Amino acid sequence: IEDVSGLLNATDICVFSSRSEGSPNGVIEACLQGAPVVATDLPEIRDVVSSENYGYLFSPENIKDAISKLLIFMKDVDLRHRVGQKNREFAMRMFSLADNYSMIVNCIDKFSIRN
């Protein structure tokens with residue numbers, strides 16, 4: 001889609017089911033927009049959601065658990081907002097442009113070959 005930000009702003013809950021993952025950009029984008037996440041419980045997912053969101057992750061084979069966790073968020077608007085806000089705060093710290101830029105500059109400086 002062309003307007004990812006618009007879609008995410010109109011989204012109440014991010015649902016992400018994957019058996020394996022490298023960098024879950026869709027989850028990161030949803031967290032930055034303040035959405036709670038119902039997703040497969042993979043280390044890569046845990047790395048990008050707040051600890052408050054861990055209880056809404058499910059094993060890849062357990063569709064019933066995924067549905068029950070989704071229903072919890074669907075029924076509880078306050079919980080949805082609280083977990084979404086924690087995801088946003090966590091993602092803003094983890095993916096800060098200034099911090100990431102600084103890390104890249106430090107890596108380049110550390111590993112650059114000097115004459």
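Student: What does Asp 65 count as, going by its relative accessibility?
Tutor: This is a predicted model, in which local features need pLDDT of at least 70, side-chain atom pairs count only at pLDDT 80 or more, and totals for chains, interfaces and linings use all residues. Residues are numbered from 1 along each chain as its sequence is written, and side-chain values use heavy atoms, with hydrogens and water left out. Buried means under 20% relative accessible area and exposed over 50%, with partly exposed in between (1.4 Å probe, protein chains only). At 22% relative accessibility, Asp 65 counts as partly exposed.

Student: Which residue forms a salt bridge with Asp 65?
Tutor: A salt bridge needs a side-chain nitrogen of Lys or Arg within 4 Å of a carboxyl oxygen of Asp or Glu. For Asp 65, the closest N and O atoms of the bridge are 3.3 Å apart. The partner counts as buried, at 12% relative accessibility. The partner is Lys 69.

Student: Why are Lys 69 and Asp 65 separated by about one helical turn?
Tutor: Helices (H or I, at least four residues) and strands (E, at least two) are DSSP runs, numbered from the N terminus. Lys 69 and Asp 65 both belong to helix α4. The separation is about one helical turn because the two residues are four residues apart in α4.

Student: How many salt bridges does the structure hold?
Tutor: One of them joins Glu 89 to Lys 86, with the closest N and O atoms 4.0 Å apart. Those two residues are three residues apart in helix α5 (residues 77–94), and Glu 89 is partly exposed at 34%, as is Lys 86 at 36%. The number of salt bridges in the structure is four.

Student: How far apart are the closest N and O atoms of Asp 41 and Arg 46?
Tutor: Asp 41 is partly exposed, with a relative accessible area of 30%. Arg 46 is partly exposed too, at 30%. The two residues form a salt bridge, and the distance between its closest N and O atoms is 2.6 Å.

Student: Over the ring of which residue does the charged end of Arg 46 sit?
Tutor: A charge sits over a ring if NZ of Lys or CZ of Arg is within 6 Å of the ring centre and within 35 degrees of the ring normal. The charged end of Arg 46 is 4.4 Å from the centre of the ring in question. That ring belongs to Tyr 54.

Student: A search of the whole structure finds one aromatic pair; what kind is the pair of Tyr 56 and Phe 73?
Tutor: Rings of Phe, Tyr and Trp (its six-membered ring) pair if their centres lie within 6.5 Å; planes under 30 degrees apart count as stacked, over 60 as edge-to-face and the rest as tilted. The ring centres of Tyr 56 and Phe 73 are 4.3 Å apart, and both residues are buried. Their planes lie at 35 degrees, so the pair is tilted.

Student: How many residues apart in sequence are the parts that this pair ties together?
Tutor: Tyr 56 lies in the loop between α3 (43–46) and β3 (57–58). Phe 73 lies in helix α4 (residues 63–75). The parts tied together are therefore separated in sequence by 17 residues.

Student: Which element gives the most to the largest nonpolar core?
Tutor: A nonpolar core is a set of buried Ala, Val, Leu, Ile, Met, Phe, Trp, Tyr and Cys residues joined through side-chain atoms within 4.5 Å. The largest one has 16 residues, and those with the most contacts inside it include Phe 16, Val 27 and Cys 31. β1 (14–16), α2 (25–32) and β2 (37–40) each supply at least two residues of this core. With four residues, the element giving the most is α2.

Student: How many residues are in the other core, the one with Val 38 and Phe 73?
Tutor: This core lies apart from the largest one. Leu 79 and Val 83 are also among its members. Its residues number eight.

Student: How far is the sulfur of Cys 31 from the closest cysteine sulfur?
Tutor: A disulfide is a pair of cysteine sulfur atoms within 2.5 Å, and by this rule the count comes to zero. Cys 31 is buried, with a relative accessible area of 0%, and Cys 14 is buried at 9%. The closest sulfur to that of Cys 31 is in Cys 14, too far for a bond, at 7.0 Å.
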